[in-house]
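Good morning, and thank you for the time on today's agenda. I would like to take you through one structure, residue by residue and helix by helix.

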Amino acid sequence: MRVRRREELVCRWRADGLEAGVPDRRQWIQLSPDLVKLLEQAGDGVELDDLAAAFGAEHEPDVRKAVDALLDLGVLVREGAQETPVRRPELWERWGAVAERFHTETRDADYLVDSPERADVAAEIVEEGGAPNVFKEYPDRPVVPLPRKLVPLSASVEETFAARRTHRAFTGQPVGLDAFSTLLFHTFAPHRFVHGGQFGTQQCRVSASAGGRHEVEAYVVVHDVVGVAPGLYHYAPSRHALELLDGAADRERVAALSYRQEPSYQGAFTVLTTAVANRLAWKYRHPRAYRLWMYDAGHYAQTFALAATALGLGPFQTVAFADSEVERFLGVDPAEEFAVYLLSAGVPDGAAGDPPLPSDFTFPPPTHLA
């Protein structure tokens with residue numbers, strides 16, 4: 001029988017030594033120096049007899065026992081004409097072992113629903129203290145208060161749903177201050193507050209958020225909004241105001257961050273959203289919680305798109321940007337707060353319209369749907 005080391009392993013150093021895991025299992029295997037040597041010897045494939053002999057006759061039973069255990073754990077795999085090759089799903093061939101292992105670690109978390117342990121765990125978290133601030137503010141920066149008389153969203157739900165598009169062409173007209181203020185309020189500000197039990201006061205925003213943590217922050221680059229000078233601002237939802245961070249920020253700065261995707265910077269304003277991840281991690285302490293900021297960023301983006309559509313504006317969204325460059329531009333620490341989504345809006349160019357379907361268009365058979 002021939003065995004070989006699995007092509008991709010995920011490793012980590014712990015206080016008591018090196019551990020390895022296979023991408024599609026949650027187990028970690030502690031690797032002694034002898035096991036590391038065994039895996040090195042297995043390499044791209046070796047006969048089991050030769051592998052056992054490499055450690056000396058006196059150790060052969062232990063080597064064979066270790067090989068059996070490592071085969072069961074998936075760290076070693078059998079190869080040869082009589083063996084079925086290990087086949088990985090194509091998506092993990094494309095995304096890699098690290099992404100596969102992370103996906104594995106985030107599955108099947110125990111949320112302690114309807115469990116007496118739930119209240120005890122919550123009490124421990126609250127007693128530990130250190131809750132992150134639910135609002136971020138820049139108190140030393142110039143402030144632009146936004147109108148609190150919001151534009152009525154009179155378009156029907158049916159009309160708004162039918163009209164929602166990702167727009168890539170704008171007229172270049174400025175956006176009015178009231179519409180701009182209304183869009184930011186409905187997308188990012190709390191509408192009301194409720195008692196969250198042990199976790200205190202919680203916000204009710206239009207967008208859903210895991211545990212009401214609302215870790216999404218909005219940074220707005222104003223290009224052409226009536227009554228607001230161009231520049232980079234932080235939107236402060238607690239006071240519905242803009243805090244000026246950089247008066248020199250302009251379309252060219254956004255273009256450089258977003259691979260020059262024109263709708264990212266040719267509208268009236270661009271919103272760069274981030275996740276202050278510890279607002280989630282403080283309450284949700286298992287790897288599955290890493291998914292939550294992705295969901296929440298999507299909730300906010302859809303609220304933005306629908307509210308913009310109801311206001312007669314054209315929304316655009318993309319995740320194609322240089323994360324590190326965006327974070328440097330915003331002046332945030334990526335270990336605590338990281339870029340998640342780019343949104344923009346402007347007066348849509350109605351002449352662009354929807355691209356027409358080809359005259360010979362037919363729906364593809366279901367098996368060919370991408």
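Let me begin with Lys 65, which is located in helix α3. Before going further, I should state that this is a predicted model. Is Lys 65 buried or exposed? Its relative accessible area is 61%, and Lys 65 is therefore exposed, the cut-off being over 50%. Between the C-alpha atoms of Lys 65 and Gly 231 there is a separation of 66 Å, and these two residues are 166 places apart along the chain.

Helix α3 (60–73) also brings us to helix α1, because α3 is one of the elements against which the buried residues of α1 pack. Helix α1 covers residues 33–42, and its buried residues are Leu 35, Leu 38, Leu 39 and Ala 42. Why do these four line one face of the helix? Viewed down the axis of α1, they fall within an arc of 95°, so they line one face. On the other side of α1 we find Pro 33 and Glu 40, both exposed. As for the partners of the buried face, besides α3 they include the strands β1 (2–5), β4 (29–31), β5 (46–47) and β6 (76–79), together with helix α2 (48–53). Just after α1 comes Gly 43, which takes a positive phi of about 45°.

Let us turn to helix α5, residues 97–105. Here the buried residues are Ala 97, Glu 100, Arg 101, Thr 104 and Glu 105. Around the axis they cover an arc of only 135°, which places them on the same side of α5. Their packing partners are β2 (10–14), β3 (17–21) and α4 (90–95).

From this helix I would single out Thr 104. Its relative accessible area is 11%, so Thr 104 is buried, given a cut-off of under 20%. Which residues does Thr 104 contact, once its neighbours within four places in sequence are left aside? They are Pro 23, Asp 24, Arg 25 and Arg 26. In addition, a polar atom of the Thr 104 side chain lies 2.9 Å from the backbone oxygen of Glu 100. By contrast, Ile 125 is 21 residues from Thr 104 in sequence, and their C-alpha atoms are 25 Å apart in space.

Following α5, the loop between α5 and α6 (116–128) contains Asp 108. Asp 108 is not a glycine, and its phi is nevertheless positive, near 60°. For context, most residues other than glycine have a negative phi. Asp 108 is exposed, with a relative accessible area of 62%.

A second residue of this kind is His 240, which has a positive phi of about 45° although it is not a glycine. His 240 is placed in the loop between β11 (231–236) and β12 (241–246). Is His 240 buried or exposed? At 3% relative accessibility, His 240 counts as buried.

Within helix α6 itself I will mention Ala 123. Ala 123 counts as partly exposed, at 31% relative accessibility. In sequence, Ala 123 and Glu 60 are 63 residues apart, and from C-alpha to C-alpha they are 53 Å apart in space.

Next, a pair of helices. Two packed helices are described by the angle between their axes and the distance between the axes. For helix α8 (residues 177–188) and helix α12 (residues 290–310), the axes come within 9 Å and cross at roughly 150°. This crossing is right-handed. On the α8 side, the contact is made by Leu 183, His 186, Thr 187 and Phe 188. On the α12 side, the residues are Tyr 300, Thr 303, Phe 304, Ala 307 and Ala 308. How many of the contact residues are nonpolar, polar and charged? Six are nonpolar, three are polar and none is charged.

My final residue is Glu 337, in strand β15 (residues 337–346). At 6% relative accessibility, Glu 337 counts as buried. The side chains of Glu 337 and Thr 274 are joined by a polar contact of 2.7 Å. Beyond its neighbours within four places in sequence, Glu 337 is in contact with several residues, among them Lys 136, Glu 217, Tyr 219, Ala 275 and Val 276.

That concludes my presentation, and I thank you for your attention.

How values were computed: Residues numbered from 1 in each chain as written. Predicted model: local features only at pLDDT ≥ 70, side-chain atom pairs only at ≥ 80, totals over all residues. Heavy atoms only, no water. Buried < 20%, exposed > 50% of the residue type's maximum accessible area, 1.4 Å probe, protein only. Helix = DSSP H or I, 4+ residues; strand = E, 2+ residues; numbered from the N terminus. Arc of directions from axis to C-beta. Contact = heavy atoms within 4.5 Å. Axes fitted to C-alpha atoms, helices over the stretch in contact; angles between N-to-C directions. Left-handed = near helix turned anticlockwise from the far one by under 90°. Nonpolar A, V, L, I, M, F, W, Y, C, P; charged D, E, K, R; others polar. Polar contact = N/O pair within 3.5 Å; in protein donor to acceptor, adjacent residues only side chain to side chain.
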